[in-house]
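Subject: A structure for you to look at

Hi there,

Here is the structure I promised to pass on to you. Have a look at it first, and then read on for what I found in it.

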Amino acid sequence: MGPDQHVDEFDEDYGPDDDTPPYWFAGQHLPEHARKMGLNHSVPDGALLDFAGSLDATKPLHRITAWVLLVVFGLPVVFAIMRIFVAFT
């Protein structure tokens with residue numbers, strides 16, 4: 001540490017300081033390929049990916065939330081397949 005830098009005597013974090021945002025900030029749970037596609041937490045698809053990526057499988061409420069999301073996004077597909085099946089029978 002140089003002579004022109006201020007030292008905080010109450011600082012308990014002795015690790016190096018970096019400019020990365022904390023993990024709880026929005027957009028930190030997006031997969032790398034989603035970021036390469038240009039998705040971030042401010043667009044609907046990116047926000048959904050960020051939300052789903054922040055779910056923790058060890059917490060029961062998060063597991064329930066994941067199942068609800070699966071049902072919500074899976075039912076339209078099931079209904080579309082049923083409509084196609086009924087149309088051809």
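A residue counts as buried when its relative accessible area is under 20%, as exposed when that area is over 50%, and as partly exposed in between. With a relative accessible area of 29%, Gln28 is therefore partly exposed. Please keep in mind that this is a predicted model.

Let me start with the whole chain. The protein chain has 3 helices and 0 strands, so its elements, read from the N terminus, run α-α-α. Of its 89 residues, 7% count as buried. The accessible surface comes to about 8000 Å², and carbon and sulfur atoms account for 66% of that. If you take the contacts between residues at least 6 apart in sequence, 10% of them join residues at least 24 apart.

Now back to Gln28. This residue sits in the segment before helix H1, which covers residues 32–36. Which residue is 9.8 Å from Gln28, C-alpha to C-alpha? That is Phe51, 23 residues apart from Gln28 in sequence.

Phe51 itself belongs to helix H2. Is Phe51 buried or partly exposed? Its relative accessible area is 40%, so Phe51 is partly exposed.

Phe51 also helps to form a nonpolar surface patch of about 670 Å², together with Leu48, Leu61, Ile64, Val68, Val72 and Phe73. Helix H2 (44–53) and helix H3 each supply at least two residues of this patch. The largest share, 5 residues, comes from H3.

Helix H3 is worth a closer look. H3 has 28 residues, which at 1.5 Å a residue should span 40 Å, and the C-alpha atoms at its ends are indeed 40 Å apart, so the two values agree. Where in H3 does a kink lie? You will find one of about 35 degrees at Gly74, shortly before the proline Pro76.

One more residue to find in H3 (residues 60–87) is Thr65. Its relative accessibility is 22%, so Thr65 counts as partly exposed. Leaving aside neighbours within four places in sequence, Thr65 is in contact with Phe51 and Leu55. Thr65 and Ala52 are 13 residues apart in sequence, and their C-alpha atoms are 9.0 Å apart in space.

If you would like a path through the structure, begin at Gln28 in the segment before H1, go on to Phe51 in H2, and finish at Thr65 in H3.

Enjoy exploring, and do write back with any questions!

Best wishes

Methods:
Residues numbered from 1 in each chain as written. Predicted model: local features only at pLDDT ≥ 70, side-chain atom pairs only at ≥ 80, totals over all residues. Heavy atoms only, no water. Helix = DSSP H or I, 4+ residues; strand = E, 2+ residues; numbered from the N terminus. Buried < 20%, exposed > 50% of the residue type's maximum accessible area, 1.4 Å probe, protein only. Contact = heavy atoms within 4.5 Å. Areas by Shrake-Rupley, 256 points an atom, 1.4 Å probe, with all protein chains shown as cover. Patch = residues over 30% accessible without salt bridge, like charges linked within 9 Å, V, L, I, M, F, W, Y side chains within 5 Å. Salt bridge = Lys/Arg side-chain N within 4 Å of Asp/Glu carboxyl O. Expected span 1.5 Å × (residues − 1). Bend = angle between axes of the 7 residues up to and from the residue.
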